[in-house]
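Colleague: I'd like to go through some of the labels on this one and hear the reasoning behind each. Can we start with the aromatic residues?

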Amino acid sequence: MINKQQNTTIREKAEQYRILKENFYVTGQYIDEDKAYIEFKRKERKANLQSAIQKNKWNSLWAYPSSGFQWLIFDKVGLYGTDPVRVLLSMVVSYLFFALMYFILPFIADTRIVSSVENSNLSEFTTALYHSAITFLTIGYGDYYPEGIIRWICGLEGFVGLFLMSYFTVAFVRKILR
């Protein structure tokens, strides 16, 4: 019903969803509270984008990328911290993406993952999976290390892994504490 209102702004709809979220929380309807919270955050993001562009057309240079980043990270990856399973799935997808990068990049550029252990019996693909796991989880045993451009990707993967593990913890604890 809120979305079908014709004489309200996006900001007013966001506020209505926020109030609805609070009411669901007070009455213990946590699933409905999550749904209202998600809609509130989506409307709020759109209202902030619209407001920034209305103030100055040049704001669109930063407002669209910022809104897109928020949409990707907060909405698609974690559903605003309300769905730990979605965050966990995003973690698996990210881990596999980086492993695939480690496997493919040596065929394209002068880069590789080097073993510091003698007689390593891992294939290139399992080496990529293993290195991705120890980097994503920020373990860093040191038995495999990157050489070349992959070093930069490893740094990015470590950050993404740390961020997603924290995001998962927040989403999981949020569900448990109810």
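Colleague: What makes F97 partly exposed?

Modeller: Its relative accessibility is 47%, and partly exposed covers the range between 20% and 50%, so F97 gets that label. Bear in mind that this is a predicted model.

Colleague: And why is F98 called buried?

Modeller: The relative accessible area of F98 is 5%. Buried means under 20%, so F98 counts as buried.

Colleague: How do you know that F97 and F98 form an aromatic pair, and why is the pair called edge-to-face?

Modeller: A pair of aromatic rings is described by the distance of the centres and the angle of the planes. For F97 and F98 the centres are 5.5 Å apart, and the limit is 6.5 Å, so they pair. Their planes make an angle of 70°; over 60 degrees is edge-to-face, so that is the name. The structure holds 9 aromatic pairs.

Colleague: Why is the pair of F103 and F125 called edge-to-face?

Modeller: The planes of F103 and F125 stand at 90°, and anything over 60 degrees counts as edge-to-face. Their ring centres are 5.4 Å apart, within the 6.5 Å limit. This pair links distant parts of the chain: F103 belongs to helix 4 (residues 84-108) and F125 to helix 5 (residues 124-136), with their positions 22 residues apart. Ring pairs join F103, F107 and F125 into a cluster.

Colleague: F103 and F125: buried, partly exposed or exposed?

Modeller: Both F103, at 27%, and F125, at 39%, fall between 20% and 50%, so they are partly exposed.

Colleague: How do you know that the charged end of R174 sits over the ring of Y37?

Modeller: The distance from the ring centre of Y37 is 5.4 Å, and the cut-off is 6 Å. The charge must also lie within 35 degrees of the ring normal, and R174 is listed as sitting over the ring.

Colleague: Which residues touch the most other members of the largest nonpolar core?

Modeller: Y102, I150 and L164 do, in a core of 17 residues. Helix 4, helix 5 and helix 6 (150-176) each supply at least two residues of this core, and helix 6 gives the most, with 7. Apart from that core lies another of 8 residues, including A14, Y17, L79 and Y80.

Colleague: What does Y102 touch beyond four places away in sequence?

Modeller: Among its contacts are I113, A128, H131, I150 and C154. A128 and H131 are also among the buried residues of helix 5. The buried residues of helix 5 pack against helix 4, strand 1 (112-115), strand 2 (144-147) and helix 6.

Colleague: How do you know that the length of helix 5 is close to what is expected?

Modeller: Helix 5 has 13 residues and reaches 18 Å from its first C-alpha to its last, and the span expected at 1.5 Å a residue is 18 Å. Just after helix 5, T138 takes a positive phi of about 55°.

Colleague: What makes Q29 partly exposed?

Modeller: Q29 has 36% relative accessibility, which is between 20% and 50%, so partly exposed fits. Q29 is in the loop between helix 1 (10-27) and helix 2 (30-55).

Colleague: Why is the link between E39 and R42 called a polar contact?

Modeller: Their side chains come to 3.3 Å, and the limit for a polar contact is 3.5 Å, so the pair qualifies. E39 is in helix 2 and also touches N3 and Y17.

Note on methods. Residues numbered from 1 in each chain as written. Predicted model: local features only at pLDDT ≥ 70, side-chain atom pairs only at ≥ 80, totals over all residues. Heavy atoms only, no water. Phe/Tyr/Trp six-rings, centres within 6.5 Å; stacked < 30°, edge-to-face > 60°. Buried < 20%, exposed > 50% of the residue type's maximum accessible area, 1.4 Å probe, protein only. Helix = DSSP H or I, 4+ residues; strand = E, 2+ residues; numbered from the N terminus. Core = buried A, V, L, I, M, F, W, Y, C linked by side-chain atoms within 4.5 Å. Contact = heavy atoms within 4.5 Å. Expected span 1.5 Å × (residues − 1). Polar contact = N/O pair within 3.5 Å; in protein donor to acceptor, adjacent residues only side chain to side chain.
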